[in-house]
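I opened this entry to look up two things: the surroundings of the ligand, and any unusual backbone angles.

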Amino acid sequence: MRAIYLIGFMGAGKTTVSQELARRLNVAVYDTDEEIVKRTGMSINEIFAAEGEEKFRHYEAEVLRSLPSTNAVIATGGGIVGRTGNRLFLKGKRNVVYLHAELESILARLKEDNSRPLLKQDKMKTAKALYESRLPLYRETTEFEIDTSVKTVQQIVDDIIQCMKK
Ligand SMILES: Nc1ncnc2c1ncn2[C@@H]1O[C@H](COP(=O)(O)OP(=O)(O)OP(=O)(O)O)[C@@H](O)[C@H]1O
Ligand SMILES: O=C(O)C1=C[C@@H](O)[C@@H](O)[C@H](O)C1
Ligand SMILES: [Mg+2]
């Protein structure tokens, strides 16, 4: 099986859905954010604070290319589509799914969560600007889009499995 890549904004559910999808398909699961943390020994907040966002994006691009391209589900970080090279890499894969969520759902899901450095200050304002700038990038990267705003994880997994049969 070709690896399935999940892309989408912070809080869209990529990490959560990837685990259940991999369990259903009986394949390995990877998460670019978790791989970066494992490989650097630092949290994402620590990397941003000590080394800056550009360095984080460098690790992210490297990790994306290093993960297995078969028999796996790969959850990506919300900003992976920021680099043109990453978008080209993903466009070259057939199984990329964009998990879309309305901004209101995202903010509700991440209200108590401070693990995302780009949403630290004035969550509402920064999230809105980032969200609007990234929407077209997710959409140009893949034709498969699933709105997760009001769906359960199980429903999203069912939708992805259906999508991948097309
Ligand atoms: N379909 C869903 N319905 C309700 N809550 C959800 C759903 N999917 C994920 N969540 C919740 O939203 C939060 C963020 O989910 P998750 O960490 O999977 O997002 P992500 O897309 O991986 O974000 P990031 O890009 O920052 O890694 C978690 O608390 C998770 O439990
Ligand atoms: O949307 C983003 O730019 C990010 C999303 C997270 O998955 C992490 O990769 C990090 O917090 C940055
Ligand atoms: Mg995640």
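**Around the ligand**

I started from ligand 1, which has 19 residues around it, and I noted that G13, T15, T16, G78 and R109 are the ones that come nearest. I kept in mind throughout that the model I was reading is a predicted one.

Next I looked up which helices contribute to this shell, and found that α1 and α8, the latter spanning 153-165, each supply at least two of its residues. The largest share comes from α1, which gives three residues to the shell around ligand 1.

I then sorted the shell by residue character, and wrote down five nonpolar, nine polar and five charged residues around ligand 1.

**Backbone angles**

Before turning to the phi angles I reminded myself that most residues other than glycine have a negative phi. Which residue has a positive phi of about 60 degrees although it is not a glycine? I found that this is N26, and I placed N26 in the loop between α1 (14-25) and β2 (28-31). I recorded N26 as exposed because it has 8 C-beta neighbours inside 10 Å, where the cut-off for exposed is 12 or fewer.

I made a second entry for N71, which is not a glycine either and has a positive phi of about 50 degrees. N71 is found in the loop that runs between α4 (53-66) and β3 (72-75). Is N71 buried, exposed or partly exposed? I entered N71 as partly exposed, because 13 other C-beta atoms lie within 10 Å, and that category falls between 12 or fewer for exposed and 20 or more for buried.

Methods
Residues numbered from 1 in each chain as written. Chains lettered and ligands numbered in written order. Predicted model: local features only at pLDDT ≥ 70, side-chain atom pairs only at ≥ 80, totals over all residues. Helix = DSSP H or I, 4+ residues; strand = E, 2+ residues; numbered from the N terminus. Near = placed C-beta within 6 Å. Nonpolar A, V, L, I, M, F, W, Y, C, P; charged D, E, K, R; others polar.
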